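User: Could you take a close look at the aromatic side chains in this one for me? I'd like to know which rings pair up, and how they sit.

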Amino acid sequence: MRVGVPTEIKEDENRVAITPAGVSALRAHGHEVLVQAGAGVGSHIADEAYRRSGAAVLDGAEEIWRRCDLVLKVKEPLAPEHDLLREGQVLFTYLHLAANKDLTGALVARGIVAIGYETVQLADGALPLLLPMSEVAGRLSIQAGAKSLEMIPGGKGILLPGVSGVRRGRVSIIGAGVVGLNACVVAVGIGADVTIIDVNPIRLSYVRDVVQGHVTTLMSNEMNIESAVAEADLVIGAVLIPGARAPRLITRKLLRSMEKGSALVDVAVDQGGCAESTRPTTHHDPRYVEEGVVHYCVANMPGAVPQTSTYALTNVTLAYALEIADEGWKRAAAENDAIRAGINLALGKVTHRAVAEAHGLPSTPLADV
């Protein structure tokens, strides 16, 4: 199979979908790999490194999209890339389609096979291709939140760990998944006063054990969310429903109950966000103030640390990319339940139920495509 890796064009996105080691692995399996010139520059991977690994390095993206059967990306295709897609082509990337009706429509119209990293799911419910970026985003969320509490961006001027004789900053984390756990570990590690909320008591027990009891754990209900948000200096939105739109748990009314200059980092922004006031921002202009609260809602947080993120991501995506390239998407989906779960769209049909429900579209079983 001919595998293509175009340069990411999303603003401030410096990750790349393959490393030279990944190229070598695909070549060892007999596949041809085309990489756009400069694709790895943001992650400090030179074109020559790809050439040494056996890739052909091309100057433009158009030739890669035109010639390749399987396209590997990091982020969803943007409007300038839609016309480059062709029927039957396999796209393997983060999609987050439940929060993007326009993109869903464009991909359906183009008749491609769209496999979302974020919906590749194991039998135990784990999301192996979302996990490393969730780790990165969770850890970054505390850095971003701490900066948001400083005076210059509009924050109340609180230092999260506090100092002798002055209270620590209060952090409330909504969701105890991978993002929430990693945010909790960092927040506890720097000395903040941390509360974490989740629907799963077993998960809360696990988080408490990880940080050796240095956290308040609360079951997720309206009353607990309201009190935890109202009392917080920093709220981390870390809610995820695989493939579906994030639930809006933080209303504008609730934001108004927070002290002016408090901060919200909504990591769920890719899936629409868990606050009514959330809208996507970029690394160059990451913050805005609404209801008196400093919002940080960057939709590609791991793109801020692309060296770490690229290698963490490709460590887990490569095995699946190899299987899709070796077997073809239909056979790979038939033999691997995780890949089958990752297929959001196929040949003009929406095959992921949560995506279909998010946009009021019919859902077609993959077996009927």
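Analyst: Keep in mind that this is a predicted model. Counting rings whose centres lie within 6.5 Å, you get two aromatic pairs. Start with Phe-92 and Tyr-117: their centres are 4.7 Å apart and their planes make an angle of 80°. With over 60 degrees counting as edge-to-face, that's what this pair is.

Now look at where the two partners come from. Phe-92 belongs to strand β5 (residues 90-93), while Tyr-117 is in the loop between β6 (113-116) and α6 (131-148), so their contact ties together parts that are 25 residues apart in sequence. As for exposure, Phe-92 is buried, with a relative accessible area of 0%, and Tyr-117 is buried too, at 1%.

Tyr-117 also turns up in the other pair, with Tyr-94: here the planes are at 85° and the centres 4.8 Å apart, so this one is edge-to-face as well. Again, distant parts of the chain get linked, since Tyr-94 sits in the loop between β5 and α5 (101-110) and Tyr-117 in the loop between β6 and α6, 23 residues apart. Tyr-94 has 3% relative accessibility, so it counts as buried, given that the cut-off is under 20%.

Put the pieces together and you have one aromatic cluster made of Phe-92, Tyr-94 and Tyr-117.

One more ring to check while you're there is Tyr-288: Arg-279 lies over its face, 3.7 Å from the ring centre.

Methods: Residues are numbered from 1 along each chain as its sequence is written. This is a predicted model: local features need pLDDT of at least 70, side-chain atom pairs count only at pLDDT 80 or more; totals for chains, interfaces and linings use all residues. Side-chain values use heavy atoms; hydrogens and water are left out. Rings of Phe, Tyr and Trp (its six-membered ring) pair if their centres lie within 6.5 Å; planes under 30 degrees apart count as stacked, over 60 as edge-to-face and the rest as tilted. Helices (H or I, at least four residues) and strands (E, at least two) are DSSP runs, numbered from the N terminus. Buried means under 20% relative accessible area, exposed over 50%, partly exposed in between (1.4 Å probe, protein chains only). A charge sits over a ring if NZ of Lys or CZ of Arg is within 6 Å of the ring centre and within 35 degrees of the ring normal.
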